[in-house]
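This report introduces the side-chain contacts of one protein structure to a reader who is new to it. It treats aromatic pairs, disulfides and salt bridges in turn.

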Amino acid sequence: EKKGIEFGTGHYTGPATVNVKLLAEFIEGRDLIIAGKCAEAESLVEPIRAQMTVPLVQGTLKYAYNSDPKTTTGYCTADAAKTALTASDGCVKSWAEAWAFAAAVLPQVAECDWGAAETIRYNLDIEAAAPVQGGFYGVKSAIESTYACLGITCADVGAYAGTTPCVPPP
């Protein structure tokens, strides 16, 4: 719900769109299983997985932005050349959150594009020499390049406040 608000992906009924979609798919799956149509229910696994990936991507993007020393609204503005051991508490917290969300989604991204996963890892790994060394938009571009493979869209993810929206490929 919180990411839906932060990324402008709320559903017209109130909750985050991802939660509305997931609930509908869970209900459909339950009904198919009750009806003994397990093969049909199995077809819902990928759409469910895709929707569950959206908050992971949103968290990765939010905290990558907040950890980028080049953003004036982030927590790491004064910590560009510092490690996680020497950076300010706010920077380290934001950087660690970026890494936690990224680590959760990196296996899927790597299945789509190893280079994109490596770009994200290089920028957000909490053991790196400095936070978001290649900049937020490098991370954003890398993860967005895998949206189709992940089964999600720019509209699913939305845009974090202060960042440019994703542009769907032609």
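The residue F7 is buried, at 3% relative accessibility, which is under the 20% limit for that class. This value, like every other value in this report, was computed from a predicted model.

**Aromatic pairs**

Over the whole structure, a search finds five aromatic pairs. One of them joins F7 to Y160: the ring centres are 5.4 Å apart and the planes stand at 40 degrees, so the pair is classed as tilted. This contact links distant parts of the chain, since the two residues are 153 residues apart. F7 belongs to the loop between helix 1 (2–6) and helix 2 (17–34), whereas Y160 belongs to the segment after helix 9 (154–157). Y160 is buried, with a relative accessible area of 13%.

These two rings also take part in a wider arrangement, in which ring pairs link F7, Y65, F136, Y137 and Y160 into a cluster.

What is the geometry of the aromatic pair that Y63 and F101 form? The pair is stacked, with 5.8 Å from centre to centre and 15 degrees between the planes. Y63 is found in helix 4 (residues 45–67) and F101 in helix 5 (residues 89–112), so the contact ties together parts that are 38 residues apart in sequence. Y63 is buried, its relative accessible area being 9%, while F101 counts as partly exposed at 23% relative accessibility.

**Disulfides**

A disulfide is a covalent bond between the sulfur atoms of two cysteines. The structure holds three disulfides, and they are listed below with their S to S distances.

| Disulfide | S to S distance |
|---|---|
| C76 and C91 | 2.0 Å |
| C112 and C149 | 2.2 Å |
| C154 and C166 | 1.8 Å |

When the bonded cysteines of the chain are numbered in sequence order, the pairing reads 1-2, 3-4, 5-6.

The link of C76 and C91 is right-handed, with 100 degrees about the S-S bond. C76 sits in the loop between helix 4 and helix 5, and C91 sits in helix 5, 15 residues apart. Both cysteines are buried: C76 has a relative accessible area of 0%, and C91 has a relative accessibility of 0%.

The link of C112 and C149 is left-handed, with -85 degrees about the S-S bond. C112 lies in helix 5 and C149 in helix 8 (residues 147–150), so this disulfide ties together parts that are 37 residues apart in sequence. Are these cysteines buried or partly exposed? C112 is partly exposed, with a relative accessible area of 26%, and C149 also counts as partly exposed, at 46% relative accessibility.

In the disulfide of C154 and C166, the sulfur atoms are 1.8 Å apart. The pair connects helix 9, where C154 lies, with the segment after helix 9, where C166 lies, 12 residues apart. C154 is buried at 12% relative accessibility, and C166 is buried at 14%.

A further cysteine, C38, counts as partly exposed at 48% relative accessibility.

**Salt bridges**

The search of the whole structure finds 11 salt bridges. Among them is the one in which the side chains of D156 and K21 meet, at 2.8 Å from N to O. This bridge links distant parts of the chain, with D156 in helix 9 and K21 in helix 2, 135 residues apart. D156 is buried, with a relative accessible area of 13%, whereas K21 counts as partly exposed at 33% relative accessibility.

Other salt bridges lie within a helix. R49 forms one with E46, the closest N and O atoms being 2.9 Å apart. R49 and E46 are three residues apart in helix 4 and are therefore separated by about one helical turn. Both are partly exposed: R49 has a relative accessible area of 25%, and E46 has a relative accessibility of 47%.

In helix 5, E97 and K93 lie four residues apart, about one turn of the helix. Their side chains meet in a salt bridge of 2.9 Å, N to O. E97 counts as partly exposed at 23% relative accessibility, while K93 counts as exposed at 53%. Elsewhere, salt bridges that share partners join K3, E6 and K62 into one network.

Definitions and conventions: Residues are numbered from 1 along each chain as its sequence is written. This is a predicted model: local features need pLDDT of at least 70, side-chain atom pairs count only at pLDDT 80 or more; totals for chains, interfaces and linings use all residues. Side-chain values use heavy atoms; hydrogens and water are left out. Rings of Phe, Tyr and Trp (its six-membered ring) pair if their centres lie within 6.5 Å; planes under 30 degrees apart count as stacked, over 60 as edge-to-face and the rest as tilted. Buried means under 20% relative accessible area, exposed over 50%, partly exposed in between (1.4 Å probe, protein chains only). A disulfide is a pair of cysteine sulfur atoms within 2.5 Å. A salt bridge is a side-chain nitrogen of Lys or Arg within 4 Å of a carboxyl oxygen of Asp or Glu.
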